[in-house]
Amino acid sequence: MQDCIFCKMVSKEIPVETVYEDEHVLVFKDVKPEAPIHLLLIPKKHITSLLDLDEEDIEVAGRIQLTCAHLAREMGLVERGFRVVCNCGDDAGQAVMHIHYHLLAGRLLKWPPG
Ligand code: AMP
Ligand code: ZN
């Protein structure tokens with residue numbers, strides 16, 4: 001989608017430090033990390049938010065979850081744990097209108113979030 005920063009990262013119009021990529025999913029480091037490990041997992045297809053997922057997106061949504069588990073194992077996060085967050089809408093603070101999942105790890109993450 002035009003003017004979507006994450007779509008521009010998918011198309012490499014904006015340089016991206018790719019951590020993982022496959023046909024459907026792109027993973028890169030968050031530019032403003034909130035934890036020692038802070039990755040963003042996005043579908044390559046433009047989907048605005050969790051509320052815009054539909055039946056045809058079930059596969060990519062599932063793949064993103066599996067990719068979280070795969071990366072967590074690969075990065076040695078299993079023992080200490082990690083958190084996956086998908087902000088949706090204003091109260092959650094969604095700033096980028098292309099669905100994304102934060103994978104946070106490497107420090108004690110408080111609950112509930114602020
Ligand atoms: P959210 O508040 O859930 O919409 O999170 C958006 C996230 O995208 C924030 O954590 C930003 O730091 C991150 N972000 C925005 N632009 C970029 C970029 N060009 N590269 C990497 N991360 C970005
Ligand atoms: Zn987009």
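How much space lies in the largest pocket? I began my notebook with this point, and the value I found is about 780 Å³. I note at the outset that I am working with a predicted model.

**Entry 1, the largest pocket.** I looked up the lining next and found that 32 residues make it up, with Asp30, Lys32, Glu34, His38 and His102 lying nearest the centre of the pocket. Going through the secondary structure, I saw that at least two lining residues each come from helix H1 (5-10), strand E2 (25-29), strand E3 (37-43), strand E4 (83-85) and strand E5 (101-105). H1 supplies the largest share of this lining, namely 3 residues. I then sorted the lining by class, which gave 17 nonpolar, 7 polar and 8 charged residues.

**Entry 2, the second largest pocket.** Here I found about 160 Å³ of space. I listed the residues that line this second largest pocket, and among them are Gly76, Leu77, Arg80, Phe82 and Arg83, together with Ala105, Arg107 and Leu109. By class, I count the lining of the second largest pocket as 5 nonpolar, 3 polar and 3 charged residues.

**Entry 3, the zinc site.** Which protein atoms are the donors of the zinc ion (ligand 2)? I found the SG atoms of Cys4 and Cys7 and the ND1 atoms of His46 and His98, lying 2.0 to 2.3 Å from the ion. I checked the geometry as well: the 4 donor atoms subtend angles of 106 to 116 degrees around the zinc ion (ligand 2), and the arrangement is therefore tetrahedral. For reference I wrote down that the ideal angle for four tetrahedral donors is 109.5 degrees. Along the sequence, the donor residues of the zinc ion (ligand 2) follow the spacing C-x2-C-x38-H-x51-H. Within this set I noted that cysteine 7, in helix H1, and histidine 98, in the loop between E4 and E5, link distant parts of the chain, being 91 residues apart. I looked up the accessibility of these two residues, and both cysteine 7 and histidine 98 are buried.

**Entry 4, aromatic rings.** I searched the whole structure for aromatic pairs and found 1. The partners are phenylalanine 6 and phenylalanine 28, whose rings are edge-to-face, with 5.4 Å from centre to centre and 75 degrees between the planes. Because phenylalanine 6 lies in helix H1 and phenylalanine 28 in strand E2, the pair ties together parts that are 22 residues apart in sequence. Buried or exposed, I asked of phenylalanine 6 and phenylalanine 28? I found that phenylalanine 6 and phenylalanine 28 are buried.

**Entry 5, backbone details.** I went through the backbone angles and recorded that the peptide bond from tryptophan 111 to proline 112 is cis, with omega near 0 degrees, and that proline 112 is found in the segment after E5. Aspartate 3 is not a glycine, yet I found a positive phi of about 70 degrees for this residue, which lies in the segment before H1. The relative accessibility of aspartate 3 is 68%, so I entered this residue as exposed, the cut-off being over 50%. Lysine 12, also a residue other than glycine, has a positive phi near 65 degrees, and I located lysine 12 in the loop between H1 and strand E1 (18-21). With a relative accessible area of 41%, lysine 12 went down in my notes as partly exposed.

Definitions and conventions. Residues are numbered from 1 along each chain as its sequence is written. Chains are lettered from A and ligands numbered from 1 in the order in which they are written. This is a predicted model: local features need pLDDT of at least 70, side-chain atom pairs count only at pLDDT 80 or more; totals for chains, interfaces and linings use all residues. Side-chain values use heavy atoms; hydrogens and water are left out. On a 1 Å grid over the protein atoms alone, a cavity is a set of points where a 1.4 Å probe fits but cannot get out, and a pocket is an open set with protein on both sides within 12 Å along at least five of seven lines; lining residues have an atom within 4 Å of a point. Grid points are joined across faces, edges and corners, and a volume is the space filled by probe spheres set on the points. Helices (H or I, at least four residues) and strands (E, at least two) are DSSP runs, numbered from the N terminus. Ala, Val, Leu, Ile, Met, Phe, Trp, Tyr, Cys and Pro count as nonpolar, Asp, Glu, Lys and Arg as charged, and the others, Gly among them, as polar. Donors are N, O and S atoms within 2.8 Å of the metal (3.2 Å for Na, K and Ca); water is not among the atoms, so sites may look incomplete. Four donors count as tetrahedral if all angles lie between 85 and 135 degrees; four count as square planar and six as octahedral if opposite donors are over 155 degrees apart and all others between 65 and 115; anything else is irregular. Buried means under 20% relative accessible area, exposed over 50%, partly exposed in between (1.4 Å probe, protein chains only). Rings of Phe, Tyr and Trp (its six-membered ring) pair if their centres lie within 6.5 Å; planes under 30 degrees apart count as stacked, over 60 as edge-to-face and the rest as tilted.
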